[in-house]
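Reader: I'd like to learn how to read a pocket and an interface. Could you walk me through them?

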Amino acid sequence: MADNVENAVNNVSNDGTEANRHAETGNTATPGRNEVELNGQPPTPRPPQVVTDSEEDEDEELTLKYGAKHVIMLFIPVTLCMVVVVATIKSVSFYTQKDGQQLIYTPFREDTETVGQRALNSMLNATIMISVIVVMTLVLVVLYKYRCYKVIQAWLFFSNLLLLFFFSFIYLGEVFKTYNVAMDYFTLALIIWNFGVVGMICIHWKGPLRLQQAYLIMISALMALVFIKYLPEWTAWLILAAISVYDLLAVLCPKGPLRILVETAQERNEPIFPALIYSSTMVWLFNMADSAETRNNSSHPVPQQENQVVMAPTAQPEDDGGFTPAWVNQQQHQLGPMQSTDDSRREIQEMASARPPPAEDDEERGVKLGLGDFIFYSMLVGKASATASGDWNTTLACFVAILIGLCLTLLLLAIFKKALPALPISITFGLVFYFATDNLVRPFMDELAVHQFYI
Amino acid sequence: MTLAVFFGCAFIAFGPSFALFVFTVAKDPLRIIILIAGAFFWLLSLLLSSLVWFIAIKASNSQDLSLQRGLLIFGVFFSVLLQEVFRFAYYRLLRKANEGLAAISDDDSSTISVRQMAYVAGLGFGIMSGAFSMINILSDSLGPGTVGIFGDSQYYFITAALMTLALTLLHTFWGVVFFEGCEKSRWWVIAAVVGLHLLVAGLSLLNPLYEGSLPPVYVITLMMGVWAFFSSGGTLNSLNALCTRRKAEAESS
């Protein structure tokens, strides 16, 4: 109940300032709440008043009533992304073949003679990768703080370009090889061109909501597949673990880069940068006086409607492309750690999404989740299906674990109402279940299946 | 082997539960969450029980086959007990969550009743249990191979699918009955559920003597279905009304 009281207090303060529509920078305790209030409030501004219990309950109920819906709105795309990755891994052998080629961020090889050497190499790899990510995140925060929006946008644009054209070309080629489909270059060029251009338009400008969501899911899946292919075994697991820790620190620590980014974005009351964020509803630009400035800066991402979910794909593995460091945080909700480098960034945004226009029903509030989260979830499940000897049981266990982690994260979000990282809980559950299922449950289930015993 | 066996066994094993999911759970987000959380709890119980079994295996002589079989049987029964413990734990969690939901809603009642939660939780347990038993077998049935090449039964796949179906339905019914028993504090109900679960697991130990395991398990499934129906508030009258109302509606329309 203490939370409720605190929320009630925040309600009051937020209601009072709603007319100004400026995020309370002083109220840093629950920065997210401000946005929620601003976004979620019905059109008629509430006069500042003591929030009665019923109103507070109504708010709480609203949050929870939409909580289950929001969770499902995120379950579906996360599940779809995982399904795409697992289906590809199971059918296209290209992504499980180790060509011996690795990313430049993971220079140490894991095919060493001793276990100790391998452990050391993988730890070094993970350290390098994480430090690259941290550096990119800081660069992004600095760029954002000094308002170099053009640089960021160009970066996002180019990485999206690479992902939508080059990676999907490779993917399509491998799928054709797997199913022995003959294809001429002209048709292929037509397909890739259309796919890429429509994707760029949908993501960076306007497009139907479902199409945009589909493109974001496809891009996340492509990125996860690249990681599964090019990261060596132990390095991949270590990176997953390390990135969750980094996510936790970057979002919750007062000096964390992601937190700074969120707070800066809130101070400036800027819309979500159309980077790597999946949004489940249309995002409307709020009608603020200073929104014109942001509109000038971020020209493409701010259509009057359309979802802003834009994902900034990360750059290609080989070169440094622009991975967009996590754009993260925009807003209110969660921030994902910026993953840069090849990966994507994740921003975790949960919570009610961007501002619906005043006339809009509260029902339209959506949820946002960073694309980096999609990528790492799918990477975990993809690796589980690629390398686990328990096969489908392990994949299924990791899938359920990640969904439950996401559910818990959203529950915490509903309780704390501030930016929270979406990676730690899910990835922890996923890792625990992966290793436990692969090593403990698999032999047990195998023995049971041999004898046809049922539990 | 081949696609026919794959699709046949998949539909036998998962058809009813998939239909139940689509028609009763898929529309309501809260139920989906309860379903997945139920699956998670079942998974946790399986994890712990396989940990115990694994330790027992590692601590014992791996050459002694009868000991290994004995340990496996112990593992089976321990897993059954642990599943019921986790079912109880899930019941407590859902009660708390329900109270929370009721406390914050307008009219002091939550949007989902304990009975619905019992059904969905049971379904979650059942789906996860069925999936874990069946999915690897299904994926093997797609590929090349000969069933029973070493003298084992030819009916492996179909019996596995039938057993999985029975278990899925049983878990659903057990969920309903168990939660009802907990609500009304009728401990004999809980003991009966645990006992029946142990009995079903014990019957499966008779495999590959399928005559000994499948028919009794299906009889138990039917009985549990009837018990769950009456336990969740159904009556003969309501069944009657269902049939006659439909007829009456058909006549009037």
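**The second largest pocket**

Author: By class, the lining of the second largest pocket has 30 nonpolar, seven polar and one charged residues. Here Ala, Val, Leu, Ile, Met, Phe, Trp, Tyr, Cys and Pro count as nonpolar, Asp, Glu, Lys and Arg as charged, and the others, Gly among them, as polar. This is a predicted model: local features need pLDDT of at least 70, side-chain atom pairs count only at pLDDT 80 or more, and totals for chains, interfaces and linings use all residues. Residues are numbered from 1 along each chain as its sequence is written, chains are lettered from A in the order written, and side-chain values use heavy atoms, without hydrogens and water.

Reader: How is empty space found, and what volume does the second largest pocket have?

Author: Rolling a probe the size of a water molecule over the atoms shows where empty space is left. A pocket is an open set of points on a 1 Å grid over the protein atoms alone, where a 1.4 Å probe fits, with protein on both sides within 12 Å along at least five of seven lines; lining residues have an atom within 4 Å of a point. The volume, the space filled by probe spheres set on the points, is about 1,400 Å³ for this one. Of its 38 lining residues, those closest to the centre include A:L396 and B:I127.

Reader: And how many residues make the contact between chain A and chain B?

Author: Contact means heavy atoms within 4.5 Å. Chain A gives 39 residues and chain B gives 49 residues.
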